[in-house]
Amino acid sequence: MPGYLAALALALCPVLVAVRLIVLRRSGTDALHFGSTDRKDFLIPPFALVYFYVIFAGAFGWPLVGSQRFFDSDVLSWIGVVLCFSGLLMVVASLVAFGTSFRVGIDTDHPDKLVTSGVFAISRNPIYVGFGLVLLGQFLVFPSWIPLIYLLAAVWLFNRQVLREESFMREHYGREYAEYCSRVRRYL
């Protein structure tokens, strides 16, 4: 059961983002700017699809190379499920708090207002924290080397993107962003 729930949590992540993008598009906001500042970002989707396969293979017993588990613990698996759904809640809270400011990628042409309320009063990057919790939960449910490598790579990629976004926001929002940074931590 934990495997099915972890797979469900993973499937819901892109669905939540896609729904938000569609809603914003219908209201006239082009929120999809993925790869506009760095074309190397287009290398991410194929690796993400492989990750989806790995998780669904673990949940549904599909063939998988390197599925040797590091440990087998029902307690850790259920903790993983809790982390997955906690991460999903953080993603949902982030998407709600973003309002019309949500973007996938950096919108240098039409950035919206700086969001500092809701979950953004706790973390400057709650959506990345949410995705990180989902990935950590996935690893606890499917504790093998592939989810571990993906977790570590995702942490690196999230931090890379956060640094790019922070550079833009420092330049665009100036003092308002600097004051926000002094009050709220980057992650948690």
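# A guided tour, starting at phenylalanine 142

Begin by selecting phenylalanine 142, which counts as buried at 8% relative accessibility, because the cut-off for buried is under 20%. Keep in mind as you explore that this is a predicted model.

**Stop 1: around phenylalanine 142**

Where does phenylalanine 142 sit? Its place is in the loop between helix 4 and helix 5. Now show the residues that touch phenylalanine 142. Leaving aside neighbours within four places in sequence, you should find Gly3, Ala6, Ile55, Gly58, Ala59, Arg69 and Pro147. For a sense of distance, select valine 96 too: 46 residues along the chain separate valine 96 from phenylalanine 142, and their C-alpha atoms are 30 Å apart.

**Stop 2: a pocket**

Stay where you are, and look for empty space. Rolling a probe the size of a water molecule over the atoms shows where such space is left. The second largest pocket has a volume of about 270 Å³. Which residues are closest to its centre? Of the 21 that line the second largest pocket, they are Gly58, Ala59, Arg69, Val141 and Phe142. Next, colour helix 1 (2–26), helix 2 (44–60) and helix 3, the elements that each give two or more residues to this lining. Helix 2 gives the most, with five residues. By kind, the lining of the second largest pocket divides into 13 nonpolar, five polar and three charged residues.

**Stop 3: helix 4 and helix 5**

Select residues 126–141 to pick out helix 4. How many of its residues are buried? The count is 14 of 16, so helix 4 is mostly covered. You can check its length with a little arithmetic: at 1.5 Å a residue, helix 4 should span 22 Å, and its end C-alpha atoms are 22 Å apart, which agrees.

Then move along to helix 5, residues 145–173. Here 29 residues should span 42 Å at 1.5 Å a residue, and the end C-alpha atoms of helix 5 are 41 Å apart, which agrees. Just after helix 5, click on glycine 174, whose phi is positive, near 55°.

**Stop 4: two residues of helix 3**

Now select helix 3, residues 74–98. As you look along a helix, remember that an α-helix has 3.6 residues a turn, so residues three or four places apart point the same way.

Glycine 80 lies in helix 3. Is glycine 80 buried or exposed? At 0% relative accessibility, glycine 80 counts as buried. Beyond its neighbours within four places in sequence, glycine 80 is in contact with Gly137, Leu140 and Val141. Try a distance here as well: glycine 80 and alanine 93 are 13 residues apart in sequence and 20 Å apart in space, C-alpha to C-alpha.

Serine 94 is also found in helix 3. Serine 94 is buried, with a relative accessible area of 0%. Setting aside neighbours within four places in sequence, its contacts are Val119, Phe120, Pro126 and Ile127.

**Stop 5: the whole chain**

Finally, zoom out and switch to a cartoon view. The protein chain has six helices and two strands, running α-β-α-α-β-α-α-α from the N terminus on. Its radius of gyration is 17 Å, close to the 16 Å that the globule rule gives for 188 residues, so the chain is as compact as a globular protein of that length. Along its principal axes, the C-alpha trace spans about 50 × 30 × 25 Å. Of the 188 residues, 44% count as buried. Among contacts between residues at least 6 apart in sequence, 81% join residues at least 24 apart.

Notes
Residues numbered from 1 in each chain as written. Predicted model: local features only at pLDDT ≥ 70, side-chain atom pairs only at ≥ 80, totals over all residues. Heavy atoms only, no water. Helix = DSSP H or I, 4+ residues; strand = E, 2+ residues; numbered from the N terminus. Buried < 20%, exposed > 50% of the residue type's maximum accessible area, 1.4 Å probe, protein only. Contact = heavy atoms within 4.5 Å. Expected span 1.5 Å × (residues − 1). 1 Å grid on protein atoms, 1.4 Å probe; cavity = no way out; pocket = protein on both sides within 12 Å on 5 of 7 lines; lining within 4 Å. Points joined across faces, edges and corners; volume = space filled by probe spheres on them. Nonpolar A, V, L, I, M, F, W, Y, C, P; charged D, E, K, R; others polar. Rg over C-alpha atoms; globule rule 2.2 N^0.38 Å.
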